Amino acid sequence: MTTAPPPPDPGMVTPFDALPSPLDAVPELRAAARWMIASFGVVGAALVGGGPLVAVGKVHGLGEALVAGGALLVALTGVCLAVWQVSRVLVPPITTTATLNTPAARGLRELIDASPADFFGSAATDIDDLLRHRAVAVNIHRALTTESDPTRRAHLHRHLDRAKTNITRTDPFVRWLLAMAHVWQIRVAFQEARRWCVLAVTLVATGAVAFLTVTGGGG
């Protein structure tokens, strides 16, 4: 049975030790998302409130009724679209090392690859180099489960110990990288939600103007 790797060196200094944790940005991003949802919720409440019901009484004929109903539906669709998209920001993403290969983390990888020394110092040349020690340790462990020759097992154990040492050395960077990837996913979701909100505002405005035009002309 192999022994657990030693704890990280408390004296190890990383390039970002003086900076706040990336996770500190999560509450602010989600607070902004809640504010956006509340704002569109107020708009939705106004659309289905007493005002439109009173205005419907000014509609004359089936044609105007269809236009007014369609306009109100368009406006409500905009509200629902915005709330749906913004609510994705509030869903905690699952973050693993595999997340770093997803489209959501592409911008983060490009940022790090442009200047890996600023992020990892001399610990790694890129993200793949930072994570390869874990893959090496897993492969060695698998080889040990099937190896029966004592000499080869001793050789594998030496390589496993070296891999564990490298894992311990790079652990602070991996933890920071996963924290950054977690926030990055929320950031990407928030940016996408803002773009959808632009469309939602357009739908709400178009539907509201069309509804008010029909109901105002009916009187």
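Below, a trainee and a mentor talk through a predicted model of a protein.

Trainee: What should I know before I start on this one?
Mentor: It is a predicted model, in which local features need pLDDT of at least 70 and side-chain atom pairs count only at pLDDT 80 or more, while totals for chains, interfaces and linings use all residues. Residues are numbered from 1 along each chain as its sequence is written, and side-chain values use heavy atoms, with hydrogens and water left out.

Trainee: What does the protein average in pLDDT?
Mentor: The average is 83, and 85% of the residues score at least 70, pLDDT being the predictor's confidence in each residue, from 0 to 100. Over residues 1-11 the pLDDT is below 50. Where pLDDT is low, the predicted coordinates should not be read in detail.

Trainee: And how many helices and strands are there?
Mentor: There are seven helices and zero strands, taken as DSSP runs numbered from the N terminus (helices H or I, at least four residues; strands E, at least two).

Trainee: Which helix has the lowest mean pLDDT?
Mentor: That is α2 (residues 50-56), at 60, whereas α4 (residues 106-114) has the highest, 92.

Trainee: Switching to α6, where is its kink centred?
Mentor: The kink, of about 30°, is centred on H133, the bend being the angle between axes fitted to the seven residues ending there and the seven starting there.

Trainee: Which residues of α6 are buried?
Mentor: Among them are I127, L130, H133, A137 and L144, where buried means under 20% relative accessible area, with a 1.4 Å probe and protein chains only. Across the protein, buried residues make up 35% of the 219 residues.

How values were computed:
Buried means under 20% relative accessible area, exposed over 50%, partly exposed in between (1.4 Å probe, protein chains only). Contact means heavy atoms within 4.5 Å.
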